[in-house]
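Colleague: I have just opened this entry and would like some help finding my way around. Could you walk me through a few features, with the general idea before each case?

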Amino acid sequence: MLLWCIWHNRNDKFWNDNVQMTRQIGRHAFDDWNDWTTEADLVRWEKPPLDWVKCNVDVAFVSGSGRTSMGLCFRDNSGHFMAGMAQWQQTVISSVEGEAWALLLAMEEARYRGLDRVQFESDSKVLIEVIHMKRRGNSEFLSIIHDILSLMSSFINFEVKFVRRQANLVAHTLARAANSWASFHRFENIPFYIERLVFNEMQ
């Protein structure tokens, strides 16, 4: 948790020129740890509202492979699996760029499938905050954010939300397994290795 707070502070300095004092970072790490341990057992995937679809998305970096991979899963308001996708690219990018790339692909996949009322969930708090702030700029990361915001302006019922990792396990599992296939793979039927996860989250 402390390393995550240090990394978050580094990003805040890089993107926003904000710097916290060492004591503030330590306090933030302590508070976040307490919040996480208190809430960890209570965090669950939640079904979307009636007539909406939920798309969980995540990115993975497989050590030594030189690849960045992503996974996504569309589910209806009953929690049933609708479709999924996994993809990898032979390049290593920053964590937040990877999360943005994965979310952009998820939105493009929703458009391809004709879905227009979609809640997208990511476990990258930094990414979701940047999207809500509508930050723009010339970096590769902010270029991807620009593409995401453009899609969201065309599809007004595309929503993005932050969720904790515990509520994003299906997408996380798909992202980790993406290297098992060719660089791009669509699922119309539920893959066996996420079947139990999806079933448990429907309860």
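**A guided look at the model**

Modeller: Gladly! Let's start inside: setting aside neighbours within four places in sequence, Ile145 is in contact with Ala100, Leu127, Val130, Ile131 and Arg135. Please keep in mind that this is a predicted model.

Colleague: How should I read a set of contacts like that, and which residues touch the most other members of the largest nonpolar core?

Modeller: The general idea is that nonpolar side chains in soluble globular proteins tend to be buried together. Here the largest nonpolar core has 38 residues, and Phe120 and Ile145 touch the most other members. Several elements each supply at least two residues of this core, including strands E1 (53-62), E2 (67-75) and E3 (81-89), as well as helices H4 (125-133) and H5 (140-154). Helix H3 gives the largest share, ten residues. Apart from this core lies another one of nine residues, with Phe81, Val170, Leu174 and Val198 among them.

Colleague: Now the overall layout. Into which domains is the chain divided?

Modeller: Domain 1 covers 1-40 and domain 2 covers 53-201. Taken over C-alpha atoms, the centres of domain 1 and domain 2 are separated by 24 Å.

Colleague: Let me look at the surface next. Which residues make the nonpolar surface patch?

Modeller: Met1, Trp4, Trp7 and Trp33 make that patch, with an area of about 400 Å². Take Trp4 as an example: this residue sits in helix H1 (residues 2-16). Trp4 counts as partly exposed because its relative accessibility is 34%, between the 20% and 50% cut-offs.

Colleague: What else could I look at in helix H1?

Modeller: Try Lys13, which also lies in helix H1. Lys13 has a relative accessible area of 41%, so this residue is partly exposed. Beyond the neighbours within four places in sequence, Lys13 is in contact with Asn18 and Val19. You can also compare separation along the chain with separation in space: Lys13 and Asp31 are 18 residues apart in sequence, and their C-alpha atoms are 21 Å apart.

Colleague: On to charged side chains. How many salt bridges does the structure hold?

Modeller: It holds seven. To read one, look for a side-chain nitrogen of Lys or Arg within 4 Å of a carboxyl oxygen of Asp or Glu. A good place to practise is the network of salt bridges that links Glu109, Arg113, Arg186 and Glu188.

Colleague: Could we go through that network pair by pair? Where do Glu109 and Arg186 lie?

Modeller: The side chains of Glu109 and Arg186 meet at 2.7 Å, N to O. Glu109 lies in helix H3 and Arg186 in strand E6 (residues 184-187), so their salt bridge ties together parts that are 77 residues apart in sequence. Glu109 also forms a salt bridge with Arg113, at 2.9 Å from N to O. A third pair joins Glu188 and Arg113, again with a listed N to O distance of 2.9 Å. Glu188 is in the loop between E6 and helix H7 (192-202), while Arg113 is in the loop between H3 and E4, so this pair ties together parts 75 residues apart in sequence.

Colleague: Is Glu109 buried or exposed?

Modeller: Glu109 counts as buried, because its relative accessibility is 3%. Arg113 is partly exposed at 24%, Arg186 is partly exposed at 29%, and Glu188 is partly exposed with a relative accessible area of 47%.

Colleague: What about Gln119: buried or exposed?

Modeller: With a relative accessible area of 9%, Gln119 is buried. This residue is found in strand E4. Leaving out residues up to four places away in sequence, Gln119 touches Pro48, Pro49, Trp52, Val53, Lys54, Cys55, Glu159 and Lys161.

Colleague: Finally, backbone angles. Which sign of phi do most residues other than glycine have?

Modeller: Most of them have a negative phi. Asp51 has a positive phi of about 70° although it is not a glycine. This residue lies in the loop between helix H2 (22-39) and E1, and it is exposed, with a relative accessible area of 58%. Lys134, also not a glycine, has a positive phi of about 55°. You will find Lys134 in the loop between H4 and H5, where it counts as exposed at 57% relative accessibility.

Key:
Residues numbered from 1 in each chain as written. Predicted model: local features only at pLDDT ≥ 70, side-chain atom pairs only at ≥ 80, totals over all residues. Heavy atoms only, no water. Domains from an automatic or database assignment. Patch = residues over 30% accessible without salt bridge, like charges linked within 9 Å, V, L, I, M, F, W, Y side chains within 5 Å. Areas by Shrake-Rupley, 256 points an atom, 1.4 Å probe, with all protein chains shown as cover. Helix = DSSP H or I, 4+ residues; strand = E, 2+ residues; numbered from the N terminus. Buried < 20%, exposed > 50% of the residue type's maximum accessible area, 1.4 Å probe, protein only. Contact = heavy atoms within 4.5 Å. Core = buried A, V, L, I, M, F, W, Y, C linked by side-chain atoms within 4.5 Å.
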